[in-house]
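The following note concerns charged side chains and how they pair. Please read each point with the structure in view.

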Amino acid sequence: MKKWILWAGYTLICCYGCVGFLDEAPRDQLPEEDAYDTPANIYLNTVATLYNYVGGYEDSQGLQGTCRGVYDLNTLTTDEALLPTRGGDWYDGGLWQGLFLHDWGVNNDVIAASWEYLYKVIVLSNKSIERLTELQNRKDAPAELKNYVAEVRAFRAMYYYYLLDMFGRVPLVLSSSTPMKDVNQSEREDVFKFIVNELQAALPYLNEAHSNQKGEYYGRMTRPVACFLLAKLFLNVEIYTDNDWTDGSRPSGKTYRVKIGAQTLNAWQAVQAYCDSIRGMGYQLSSRMADNFVVYNEPSEENIFTIPMDKHALQNQMQYLFRSRHYNHGKAYGLSGENGTSATVETLRTFGYDTDSVDHRFEDSFFAGTVLDPNGNPVKLDDGSTLEYLPWAIRLDVSAQLYEKSAGARMKKYEVDLKSTKDGKLSDNDIVLFRYADVLLMKSEAKIRNGEDGTTELNEVRQRSGMYPRPATLHNILEERKLELVWEGWRRQDMIRFGTYTQAYTDRPQLEGESSGYTTVFPIPAKVLSLNPRLSQNPGYEKW
C-alpha cells in the first residue's frame, strides 16, 4: 500500500505552485482510457493520490510531521511546548516567540501556509469527486464508485474540520473550478453542520477496517476514523456552533440536538455514541502507551488513524524528534538534531516533574536530566562535559544564559529509529493522529458535561500507565489530556474548549483585549482577503 500510494503520487499527479488557495491545477499523466478503465485504476487515480498529502516532506505540508504548519499552530501556541530562542538559534525574525505569545498578526507566514495547504487538499478532493461523479453517470459505472465518493467526501470533511477548528468562519468551496472572486464566507455553525452531514452521509459506505494496520485500508479514511471526527465535532459543539466567539457566551451542548439513526440525542450523548461505536469496532488500549509510538507501530490495537511512514518507499517526514534534541544527542544516535522544542514550565508542573509523585508517562514522553546514548553511556558535549537537559531552566528566551543550549525537557514520545535516514527525519514510526485513549477521554468528558460520572473511562487510561485513580472532574480531564496526549497536537483545541487558551502563563502575558477570546481562532490571512472583498476578517484582528 505504501509503495502504491507513493507511485500514484509521483506518476499521476503534478501540482503547480500555489498563488492562491484555489489555484491548484493537477495534471493526469496517463491517458484517460487507461487511468479509468477498471475500478482499481479509478480508485488509484481519484482517491489514493489524495493520501499523499496527509503527510509531507516540506514545511507547512501535512497534518503532522513537518514544521511551520498545522501541528505547530496547535502546539507551540499553547502552555504545552515552545521553541525558545537560544542565542542565534530559533529567533527567525520573532516567529516562534510570536506564536507562543499569540502575537501573530494577519501576515504570519505559518498561518497563511497552513490555510493554503488545507484548501489545496480540499480543491484536489473536489476534483476527485467531480471525476467520480462523471464516471458514475456512465451506463457501465462500477458499483464501487459510490464507496469511493463517500471516502473522498469524508476525507474532504476532515480537512474542513481542521479549517473550522483553526479559522472559524471559512468559505465552503465545493468545486475545483470556483473563481476566487465568487467564493463566499460561511458562518462557523454552517461549516460545522456541513462537516457533520458529510461524515454522517459517508459512514454507511466506509469500511470498518482499522486504518492504522497494514492491508487494503492502510492509511485510509475508514468508518472508525469518521466516527472519531464526529465525536470530536460534538465534543467541541459549544465552540464550533458559536458564530460570535468574542461576545462572552456560548451555545449549550446539552440543548443541541443530534440525529443518529432513529435516536435524537444532545451533543454530549452523541459524543458517547460515536465513542461506543469505535469501541465496538475492536479498539482497545495497548498494554503500554509507548507501544503506539515504536518503530513499526502498525500492529497497534489503539491507533485509529496514522500517517504511514516508510523511509525506503515514502517521503513523509517526522521532524519533531529531530527538531527537539540537542545536536550531540542526535550525533550519539548517528543522526542529527536542531536543539529546539521543549516542554513548558506548566507541562512540568502537570506531570509532577521532580517530585515524589511524577506521572509515570513523563519518562515515555520526555528526555530530561543526563542524556544517554543507545548503549546507556552519557552523551558528551564538544568540551567533554556530559549533556544534561535542564527542564526547569526553560524560558521563551534563554539567550546568553549558561544553560542556553541545554534548557528544557525534550520530545521523546516516538521511539528513535536508529536506522532512520535524512538525519532522523525519515523513519518507520507511523505518525499517530487519532488513537483510542483519546476516545476514552472524550467519553469521560462528555459524561461530565452531561451531568454523568466519567470516572470509569478516565481511570481506564490512568490505570494503563500505573497511575492512581482520580475522580472525573473537568479540571482532572484537562490535566489528563496533557498527561496522555502531550506532543500529539491536541493542546490548543483542549485549552480553547476549557476556556484557558487566552489566559496568562509563564512567559506569556495576556494580550490586550485577548480576554474576549478573539485569538481562539487564527486570522484569515491578509493576502486571502486582498483577493476577495466578499471575505471579512475574524473579529478582533481588525486592528492588525
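1. In this predicted model, a search of the whole structure yields 44 salt bridges. Side chains of opposite charge can pair when their charged atoms come close. Three of these pairs are described below, followed by a network.

2. Asp 59 and Arg 68 form a salt bridge, in which the closest N and O atoms lie 3.9 Å apart. The pair counts as a salt bridge because the cut-off is 4 Å. Asp 59 is partly exposed, its relative accessible area being 40%. Arg 68 is likewise partly exposed, with a value of 27%.

3. A salt bridge also links Asp 291 to Arg 288, and here the closest N and O atoms are 2.7 Å apart. Asp 291 has a relative accessibility of 24% and is therefore classed as partly exposed. Arg 288 is partly exposed as well, with a relative accessible area of 46%.

4. Glu 404 and Lys 405 meet through their side chains in a salt bridge, with an N to O distance of 3.4 Å. Is each partner buried or partly exposed? Glu 404 is buried, because its relative accessible area of 15% falls under the 20% limit. Lys 405, at 29%, is partly exposed.

5. Salt bridges can also share partners, and in this way one network is formed. Its acidic members are Glu 302, Asp 359, Glu 480, Glu 484 and Glu 488. Arg 361, Lys 413, Arg 435, Arg 462 and Arg 464 belong to the network too.

Key
Residues are numbered from 1 along each chain as its sequence is written. This is a predicted model: local features need pLDDT of at least 70, side-chain atom pairs count only at pLDDT 80 or more; totals for chains, interfaces and linings use all residues. Side-chain values use heavy atoms; hydrogens and water are left out. Buried means under 20% relative accessible area, exposed over 50%, partly exposed in between (1.4 Å probe, protein chains only).
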